[in-house]
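Student: Could we go through the charged pairs of this model together, with the cut-offs stated as we go?

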Amino acid sequence: MVYEENIIKIALYVACNDGVLSEEEEDQLVKSSLKNFPSVEQKKIDFWIEEFFEEDLLLENYCDKISGLEDRLLALKIATETASADGLDLKENLALSRVINYWGISWEEITSA
């Protein structure tokens with residue numbers, strides 16, 4: 001379950017860059033997570049959300065825990081769905097761009113996924 005946790009925390013990192021995790025974003029994160037990780041229970045997702053807010057990690061700490069293009073594209077998909085649930089704020093958009101740049105993923109790879 002470490003795999004799922006890290007992807008969810010990347011989504012949280014992006015969605016919280018505007019300073020808040022809105023109710024809409026949290027609902028979308030849970031919905032996207034349950035859809036993509038059917039073996040994960042909602043109470044586990046809720047725990048990871050709480051844990052995220054107790055951590056003091058940098059973007060690199062989260063990004064380094066996800067390897068493989070397919071996993072990174074899934075993380076970006078869930079992050080985008082989550083952050084855009086209440087409108088994609090400029091700070092969230094910049095956080096998403098930082099993740100993409102850190103991983104060195106091209107727009108062609110993102111749009112063809």
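Student: Is lysine 77 buried, partly exposed or exposed?

Tutor: Lysine 77 has a relative accessible area of 36%. Buried means under 20% relative accessible area, exposed over 50% and partly exposed in between, with a 1.4 Å probe and protein chains only. Lysine 77 is therefore partly exposed.

Tutor: A word on the basis: this is a predicted model, in which local features need pLDDT of at least 70 and side-chain atom pairs count only at pLDDT 80 or more, while totals for chains, interfaces and linings use all residues. Residues are numbered from 1 along each chain as its sequence is written, and side-chain values use heavy atoms, with hydrogens and water left out.

Student: With which residue does lysine 77 form a salt bridge?

Tutor: A salt bridge is a side-chain nitrogen of Lys or Arg within 4 Å of a carboxyl oxygen of Asp or Glu. The partner lies four residues away in helix α5 (residues 69-83), about one turn of the helix, where helices are DSSP runs (H or I, at least four residues) numbered from the N terminus. With the closest N and O atoms 3.5 Å apart, the partner of lysine 77 is glutamate 81.

Student: Which residue of helix α3 forms a salt bridge with lysine 9?

Tutor: Lysine 9, in helix α1, is buried, with a relative accessible area of 2%. The closest N and O atoms of this pair are 2.6 Å apart, the partner being glutamate 51. The pair links distant parts of the chain, 42 residues apart, and the residue in helix α3 (residues 42-54) is glutamate 51.

How values were computed. Helix = DSSP H or I, 4+ residues; strand = E, 2+ residues; numbered from the N terminus.
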